[in-house]
Amino acid sequence: MILTGGGARAAYQIGVLQSVSAILLEAGWSPDRNPYDIICGTSAGAINATALACHADDFNNGLDRIANVWENFTAEQVYRADSLGVLRSGARWLSLLSFGWLMRTWRANPPMSLLDNTPLVNLLNRMLNLPKLDKALAEGKLHALAVTASSYTAGQHITFYQSEADIEPWVRTQRSAVRAQIGIEHLLASSAIPLIFPATPIFCAGRREYFGDGSMRQLAPISPAIHLGADKVLVIGSGRLLEPAIDPAAHAQYPTLAQIAGHAMSSIFLDSIAGDVERLNRINETLSFLTPEQLARTPLRPIQMLSISPSERLDTIASRHIGSLPRPVRMLLAGIGATEVRGAALASYLLFEKSYTSELIALGRQDALAHKAEILAFFSQEPEGVVAPALRAAS
């Protein structure tokens with residue numbers, strides 16, 4: 001299973017997984033069975049992935065617990081949303097952008113991000129039971145967990161993975177893998193939306209590096225699952241893979257800062273997974289033309305894939321819920337145009353409020369039910385066990 005990034009948009013993934021589990025239970029699957037041998041996540045998807053991996057021994061119960069968090073979210077659980085917290089981070093950060101050359105006193109201790117995500121540490125400590133993750137891996141209830149982050153220090157995209165199996169780290173252009181004991185710091189790093197949340201230090205290859213959101217420079221989001229041995233992948237996105245173009249107004253206005261930032265966020269979070277899904281489909285189609293003898297001579301193997309993504313624009317949904325954000329955050333976002341409809345894409349990543357996340361969960365359930373036949377077909381054949389990474393499709 002591959003869970004992509006997207007801040008508050010990751011609530012959609014929970015709805016999809018709830019309907020997938022309901023479909024499998026109806027088909028006769030055991031309620032405590034974990035359907036996913038390998039779980040990979042990026043950004044907020046990394047948090048969902050790790051929380052689910054911690055419950056690999058009782059998957060549906062774990063899914064219910066995680067859904068309860070998303071259905072009762074408040075922004076204060078993720079970042080400082082009080083007036084003092086917003087002034088200390090966001091207001092200072094925006095002021096530094098505008099007048100930093102005048103503010104010599106901030107050179108020694110500049111604001112690090114628009115928002116202070118310190119509360120997220122407490123939430124993660126409550127959500128996660130990492131010893132259970134170790135136990136699930138040791139008992140074979142889970143083959144591997146992987147989370148990704150992007151190193152500002154080294155300019156590399158890193159996949160941190162944990163597994164009991166003997167899996168060699170891989171290296172590709174501008175991306176590599178590091179075997180690690182997944183911890184809170186990896187999730188903070190993976191979910192550190194650029195400029196919005198501060199970078200997180202992690203010791204990597206014997207030195208300290210600062211990491212940000214794993215969706216940055218993520219050229220091949222499906223790749224980690226394949227390297228870890230997957231032969232079937234369920235990809236759950238946080239945005240429409242085939243986003244229809246928006247009809248421009250007759251007299252388009254100059255874009256606000258929030259509108260530009262939202263466009264950049266979509267490029268980071270949505271474009272790479274859409275491109276990788278398309279790439280994998282092309283590889284599978286090419287391999288379908290080869291004879292069995294030709295297939296035996298290539299290291300490539302077809303990968304069965306099911307992709308589920310939102311059927312509606314999540315920024316449109318977000319525009320209906322901006323008023324639920326705490327007033328200090330609304331005032332901060334209003335200053336850059338994020339409370340306007342055209343700037344709602346940025347707000348859609350920060351709307352950790354239950355009115356919005358609950359609607360995304362409901363949409364996820366609905367979209368997964370619309371794929372019921374495909375889900376049943378995807379899970380109808382028992383996997384033959386993970387395959388050696390050397391025999392995977394191009395990744």
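**Figure 1. Tryptophan 70 and its surroundings.** Tryptophan 70 has a relative accessibility of just 4%, so it counts as buried. This is a predicted model, and here we zoom in on that one side chain and its company. Tryptophan 70 sits in helix α3. Which residues does tryptophan 70 touch, once those up to four places away in sequence are set aside? The list runs Gly7, Ala8, Ala10, Ala11, Ile14, Asn48, Phe352, Thr357 and Ile361. Isoleucine 361 is worth a second look: it lies 291 residues from tryptophan 70 along the chain, yet the two C-alpha atoms are 8.3 Å apart.

**Figure 2. The largest cavity and its lining.** Five cavities of 30 Å³ or more turn up in this model, and the view here is of the largest, with a volume of about 160 Å³. Its lining is made of 16 residues. Lying nearest the centre are Ala44, Ile47, Val78, Leu120 and Phe352. Helices α2 (44-53), α3 (59-71) and α5 (118-127) each put at least two residues into the lining. Which of the elements gives the most to it? That would be α5, with four residues. Sorted by class, the lining comes out as 13 nonpolar and three polar residues, with no charged ones. Phe352 shows up again here, near the centre of the cavity lining, having already appeared among the contacts of tryptophan 70.

**Figure 3. Tyrosine 79 in the largest nonpolar core.** As a rule, nonpolar side chains in soluble globular proteins tend to be buried together. The largest nonpolar core in this chain has 99 residues, and Tyr79 and Phe160 are the ones touching the most other members. Helix α1 (residues 11-26) supplies the largest share of this core, eight residues. Apart from this core there is another one, of 21 residues, including Ala144, Ala225, Leu228 and Val235. Back at tyrosine 79, and skipping neighbours within four places in sequence, the contacts are Leu115, Asp116, Asn117, Pro119, Phe197, Leu325, Val329, Leu350 and Phe352.

**Figure 4. The β7–β8 hairpin.** In a regular strand, side chains alternate between the two faces of the sheet. Strand β7 (residues 200-204) does this too: Thr200, Ile202 and Cys204 point to one face and are buried, while Pro201 and Phe203 point to the other and are not. Strand β8 (residues 207-213) pairs with β7 in the antiparallel sense, over five bridges. One of the residues to find in this view is cysteine 204, whose bridge partner in β8 is arginine 207. Two residues lie between the strands of the hairpin, and alanine 205 takes a positive phi near 55°.

**Figure 5. Serine 176 in strand β6.** Is serine 176, in strand β6 (residues 175-179), buried or exposed? Its relative accessible area is 14%, under the 20% cut-off, so serine 176 is buried. Leaving out neighbours within four places in sequence, serine 176 is in contact with Gln156, His157, Ile158, Thr159, Trp170 and Val171.

**Figure 6. Stepping back to the whole chain.** The close-ups above come from a chain with 16 helices and 10 strands. Of its 395 residues, 54% count as buried. Among contacts with a separation of 6 or more, 77% are between residues 24 or more positions apart.

Methods: Residues numbered from 1 in each chain as written. Predicted model: local features only at pLDDT ≥ 70, side-chain atom pairs only at ≥ 80, totals over all residues. Heavy atoms only, no water. 1 Å grid on protein atoms, 1.4 Å probe; cavity = no way out; pocket = protein on both sides within 12 Å on 5 of 7 lines; lining within 4 Å. Points joined across faces, edges and corners; volume = space filled by probe spheres on them. Nonpolar A, V, L, I, M, F, W, Y, C, P; charged D, E, K, R; others polar. Core = buried A, V, L, I, M, F, W, Y, C linked by side-chain atoms within 4.5 Å. Buried < 20%, exposed > 50% of the residue type's maximum accessible area, 1.4 Å probe, protein only. Contact = heavy atoms within 4.5 Å. Pairing = 2+ DSSP bridges.
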